[in-house]
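Here is a walk through a structure, one piece at a time. Keep the picture open while you read, and try to find each piece as it comes up.

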Amino acid sequence: MDIQLHGLSKVYRGRVRALDQLDLEIASGMFGLLGPNGAGKTTLMRILAGILRPTSGTVTVGGEDCATERGRTAIKRVLGYLPQELGLYPDLSAREFLDYMGILKGLDDGKARGRRVRELLDVVGIAEVSNRQLKTFSGGMKRRVGIAQALLNDPKLLIVDEPTAGLDPEERIRFRNLLAELGGDRLVLLSTHIVEDIAQTCQRLAVLAQGRVVFQGTIAELVGAAEGKVWTVTTSGGRPAGHFDVISTMHQGSSVLYRVIGEVTPGDAATPATPNLEDGYVWLMRDRRASVVA
Amino acid sequence: MRKGVTRARYELRTLGPSVLALPPLVVAIFLGVSLLAAYNDAHVSQSAALVHHDLAAGVLYLLEFGIPPVAGLAASQLIAHDPAKELHLAVVRPYRRTMLLRLSLFGLWTLLVAAAVSIAASRTGYWLVTRQAPQDQLTWLAPAVWCIGLGAVLALALRSTVASSTILGMLWLGELLLRDYFLGNAALQKVFLFLTIVEPQAAYWLANRLTLVGMGLVLLAGTALLLRNNEWLLGQEA
Amino acid sequence: MRFAHVIAGAVRYELAMQLRRRALWIGYLLLGALLSAAFDSVLRTPNLPDSSRATSVVSWAVTCNFLLTLGAGLLLADRYRRDRETRVFELLRTAPAPDWVRLGGKYVGAVSATLLPILIIYLAGVARLILLWRDATLLPLAASAFVALIVPPVFFVGAFSLACMTVLWQPLYMFLFVGYWLWTSLNPTGLAIPTLTSTLLAPGEQLVVTGYFGLAAPYPQDVGFYPQSSAALATLNILALLACAACALLGGLLIHRFLAEREGAAG
């Protein structure tokens with residue numbers, strides 16, 4: 001399973017250009033998608049899921065053309081999709097909802113579908129409450145139902161948009177591991193603002209901004225871009241002087257510890273820090289803004 | 001067959017008990033008002049004929065005046081308000097077929113309720129419609145199809161149950177208020193919703209009913225077309 | 001007043017949000033077109049002499065009230081629920097101003113915005129009459145008819161639309177509201193049932209038509225408690241409507257607080 005995008009553009013109602021001449025190749029395994037709000041991540045995911053049609057360019061998923069109805073239907077047969085805004089039917093129980101979604105996904109054998117539903121209820125950890133109506137579920141529990149429905153048809157392509165939103169840290173780790181296990185011969189496309197989720201599960205990622213790919217490569221490459229650009233500085237309270245971005249601020253009694261990123265060291269008191277993926281992302285966006293201004 | 005029954009059961013569940021309760025609720029309210037009027041007349045005039053007329057008129061008003069707009073309100077609710085829309089758009093079964101199935105199931109339920117009332121009324125002598133069966137069922141069927149079609153297409157076009165219900169309600173009441181205008185115009189006569197109540201012996205009654213059914217079907221076709229536009233479906237309220 | 005600026009802000013933004021709704025304008029445009037096409041038919045209401053210019057202006061106001069105010073009640077039905085559906089409700093509850101300030105501003109702003117298209121349609125009809133007779137002296141009468149016959153009922157139905165939606169399901173409320181509107185505005189079936197038509201609580205304001213503007217009652221039989229209206233009764237009618245609106249808003253506020261407390265307790 002792979003995804004090939006060439007010159008992909010999406011324009012809404014002739015005005016809003018959500019995607020602009022996107023070129024991207026995604027192979028099997030875990031692939032992360034990062035980017036600021038409005039970058040076009042959700043639009044891209046909806047096109048890959050066959051929900052929206054591209055305005056121009058070519059999109060092939062597992063060899064199927066997303067521009068045709070036939071292609072989109074073929075993709076949906078092997079697709080598992082978890083949208084960012086997950087809507088559920090409040091009067092159905094979790095079990096009933098999954099059974100219903102199974103029917104919609106073409107799982108016509110009632111017994112096999114029932115087995116699959118029970119299996120997934122156990123996997124996501126809501127078997128004990130599966131007969132309760134969804135309107136009684138917390139946000140995290142609803143998210144688990146969402147993940148379960150995405151896995152119903154054992155998809156070859158799994159597109160998940162903010163899958164761990166609303167989950168507590170333990171649940172988040174659990175689902176991260178679940179998604180990582182699903183990688184391999186599947187293609188799992190993970191879009192999230194939680195950089196740590198991508199860092200812990202993906203080998204490769206792309207960063208979108210204003211409808212374009214501004215980075216495509218490995219986690220190590222993006223982290224490496226920030227090498228030598230990250231420092232920690234402790235001050236008595238005020239922000240350290242200099243031209244840099246503050247990544248984190250931590251009050252420690254009478255002093256404040258800043259983690260900053262910039263071209264030059266913010267002073268003698270600064271200590272070089274080992275960059276992480278978040279630092280790499282911030283450096284990329286900073287560098288991009290500087291290029292635009294220039 | 002079993003898969004179809006299971007599917008239909010789930011679609012009815014997604015409609016929710018509130019939508020399904022509307023047609024019987026309308027029946028209860030209209031018949032309740034008729035019984036109240038009949039009771040008052042029974043005590044004041046003590047005329048059995050007047051009491052009989054109150055009840056029969058209540059049935060007629062229920063079928064031509066009450067059920068159609070309520071069916072339209074419910075149709076706009078079920079079309080515009082689907083919390084799992086995006087999930088539906090990403091599955092193999094086309095969303096428009098799912099929505100049309102829901103609309104059909106609700107239409108069938110409304111049909112059953114209305115038909116039961118009309119058949120019961122005609123068998124017990126409380127049926128004021130002078131048309132022959134089965135044409136007489138167009139009394140409620142024609143305006144119901146029209147209202148359901150209008151409610152559904154407006155709900156999709158405006159992406160709002162309130163907006164579509166408001167326009168449907170205002171047009172429905174507008175026809176009532178402007179009945180002289182509608183009946184005095186050869187073209188508008190054909191789309192007057194309350195013809196059986198206002199002019200039961202009109203020569204163009206059948207043409208009027210068939211026009212309403214035809215318009216309703218065209219509106220439903222428009223609904224089906226709008227259901228193919230995923231970008232529109234995912235947009236915000238007008 | 002302590003919260004004057006908050007109320008003013010709430011009014012301003014609720015007004016803007018309601019005015020920006022395309023559905024508001026599409027709905028009233030359709031209805032305006034229908035009324036325009038049927039204008040002559042509209043002005044010929046039963047029991048009103050059709051030679052009087054004043055009669056025409058007032059009956060136009062009565063018609064606009066009957067039809068357009070119904071639309072107002074329906075279009076305002078989602079204003080309360082919308083805060084929950086857009087998930088801004090929880091955020092608004094953390095603001096320092098009390099709920100009544102925000103809800104009061106929502107009421108005034110949303111209802112005022114809904115009055116605007118009604119005013120436009122009404123003025124279009126008035127303009128047509130003025131041009132027909134070339135008589136601009138009708139303007140003060142038209143203005144007073146709008147203020148007396150349309151504004152109070154719109155605020156009346158707006159209050160109930162906001163208040164009832166704290167507890168009722170939207171389609172059910174709309175159905176009941178239309179039924180109520182018919183029940184209080186006219187008795188089309190002639191059924192022998194109690195009715196609010198021509199009483200102090202009638203938003204159709206038959207008492208105002210006869211009491212302020214001296215026109216004959218629209219219905220041959222006196223179905224209300226007051227066989228002959230007067231300016232005093234007409235004023236009482238308007239005040240009764242506004243008092244009911246205030247009670248509805250108070251009731252809605254209390255229910256809103258109860259529901260919010262219950263949600264807070266549930267965590």
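## A hairpin early in chain A

Let's start with some strands in chain A. Strand 1 (residues 3–12) and strand 4 (residues 56–61) of chain A run antiparallel and are joined by five bridges. One spot to look for is Gln4(A), whose bridge partner in strand 4 is Thr60(A). Keep in mind that this is a predicted model, so you're looking at a computed picture.

Strand 4 of chain A has another neighbour too: two bridges tie it to strand 5 (residues 64–65) of chain A, again antiparallel. Here Val61(A) sits opposite Glu64(A). The hairpin made by strands 4 and 5 of chain A leaves two residues between the strands, and in it Gly62(A) has a positive phi near 60°. As background, strands of a sheet pair through backbone hydrogen bonds, in either a parallel or an antiparallel way.

## A four-stranded sheet further along

Now move on along chain A. You'll find an open sheet of four strands, in the order 12-13-11-14, with antiparallel pairing. Which strands are at the edges? They are strand 12 (245–252) and strand 14 (271–272) of chain A, each of which pairs on one side only.

Inside this sheet, strand 11 (residues 230–235) and strand 13 (residues 255–261) of chain A pair in the antiparallel sense, over six bridges. To get your bearings, look for Thr235(A), which stands opposite Val256(A) in strand 13 of chain A.

## Two unusual loop residues in chain A

First, a bit of background: most residues other than glycine have a negative phi. Asp154(A) goes the other way, with a positive phi near 50°. You'll find Asp154(A) in the loop between helix 5 (139–150) and strand 7 (157–161) of chain A. Is Asp154(A) buried or exposed? Asp154(A) has 12 C-beta neighbours inside 10 Å, so it counts as exposed.

Gln210(A) isn't a glycine either, yet its phi is positive, at about 50°. Gln210(A) is in the loop between strand 9 (204–209) and strand 10 (212–218) of chain A. With 16 C-beta neighbours inside 10 Å, Gln210(A) counts as partly exposed.

## Chain B: helices from end to end

Chain B has a simple recipe: 10 helices and zero strands. What size would you expect for its 238 residues? A compact globule of that length would have a radius of gyration near 18 Å, and chain B comes out at 19 Å, which agrees. Its C-alpha atoms fill a box of roughly 65 × 40 × 30 Å along the principal axes. Of the 238 residues in chain B, 50% are buried. Among contacts in chain B with a separation of 6 or more, 75% come from residues 24 or more positions apart.

Helix 4 (residues 95–123) of chain B makes a nice check with a ruler. At 1.5 Å a residue, its 29 residues should span 42 Å, and the end C-alpha atoms are indeed 42 Å apart. Just after this helix, Gly125(B) has a positive phi of about 85°. The loop between helix 4 and helix 5 (138–158) of chain B also holds Pro134(B). A cis peptide bond joins Ala133(B) to Pro134(B), with omega at about -5°. For comparison, most peptide bonds are trans.

## How the chains meet

Two pairs of chains touch, and chains B and C have the most contacts between them. On this interface, 30 residues of chain C are in contact with 32 residues of chain B. In chain C, helix 2 (22–37), helix 3 (39–43), helix 4 (53–75) and helix 10 (170–185) each supply at least two residues of the side that touches chain B. What is that side of chain C made of? Its residues divide into 22 nonpolar, six polar and two charged.

Chain B meets chain A as well: 25 residues of chain A are in contact with 21 residues of chain B. Helix 2 (69–77), strand 6 (79–82) and helix 3 (94–104) of chain A each give at least two residues to the side of chain A that touches chain B. Helix 3 of chain A supplies the largest share, four residues. This side of chain A divides into 13 nonpolar, six polar and six charged residues. Chains A and C, on the other hand, do not touch, and their nearest C-alpha atoms are 11 Å apart.

Methods:
Residues are numbered from 1 along each chain as its sequence is written. Chains are lettered from A and ligands numbered from 1 in the order in which they are written. This is a predicted model: local features need pLDDT of at least 70, side-chain atom pairs count only at pLDDT 80 or more; totals for chains, interfaces and linings use all residues. Two residues are in contact if their C-beta atoms, placed from the backbone, lie within 7 Å. Ala, Val, Leu, Ile, Met, Phe, Trp, Tyr, Cys and Pro count as nonpolar, Asp, Glu, Lys and Arg as charged, and the others, Gly among them, as polar. Two strands pair if DSSP finds at least two bridges between them. The radius of gyration is taken over C-alpha atoms; the globule rule is 2.2 Å times the number of residues to the power 0.38. A residue is buried if 20 or more other C-beta atoms lie within 10 Å of its own, exposed if 12 or fewer, and partly exposed in between; C-beta atoms are placed from the backbone. The expected span of a helix is 1.5 Å times one less than its number of residues.
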